[in-house]
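Visitor: I should like to understand the reasons behind the terms used for a protein model. Please show me the structure before we begin.

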Amino acid sequence: MSDKLEGIVSPAIDNLLTKVNSKYELVIFASKRARQINDYYSALHEGSLFNNVGPLVEATVDEKPLTIAMHEIDQNKLQKHATE
């Protein structure tokens, strides 16, 4: 069994919920950023990186875009803008 806990345990959900107003807002915020990270990795393979921002935290090859997005939110690397 792995010594390091992964997934929603790290970062803790309680810490993430302090960054947003609701769990639904967290899901939308993290999923949008995860799509951007996924687009970045896709563009990386195609050789075009001009329209995409890569991970703002250190990430391993094994980490999924949603996990990276959650770490970015936890470390205050992202700022949520109000939508109209």
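Guide: The following exchange sets several terms against their definitions. This is a predicted model, in which local features need pLDDT of at least 70, side-chain atom pairs count only at pLDDT 80 or more, and totals for chains, interfaces and linings use all residues. Residues are numbered from 1 along each chain as its sequence is written, and side-chain values use heavy atoms, with hydrogens and water left out.

Visitor: Why is Ile68 called buried?

Guide: Buried means under 20% relative accessible area, exposed over 50%, and partly exposed in between (1.4 Å probe, protein chains only). Ile68 has a relative accessible area of 0%, and is therefore buried. This residue lies in helix H3, helices being DSSP runs of H or I with at least four residues, numbered from the N terminus.

Visitor: Which residues does Ile68 touch, not counting those up to four places away in sequence?

Guide: Contact means heavy atoms within 4.5 Å. By that rule Ile68 touches Ile37, Tyr41, Pro55, Val57, Ala59 and Glu63.

Visitor: What makes Asn76 count as exposed?

Guide: The relative accessibility of Asn76 is 54%, so the residue counts as exposed. Asn76 is found in the segment after H3, and its phi is positive, near 60°, although the residue is not glycine.

Visitor: How do you know what span is expected of helix H2?

Guide: The expected span is 1.5 Å times one less than the number of residues. Helix H2, residues 23–46, has 24 residues; the expected value is 34 Å, and the helix reaches 35 Å from its first C-alpha to its last, which is close. Gly47, with a positive phi near 85°, follows H2.

Methods
Helices (H or I, at least four residues) and strands (E, at least two) are DSSP runs, numbered from the N terminus.
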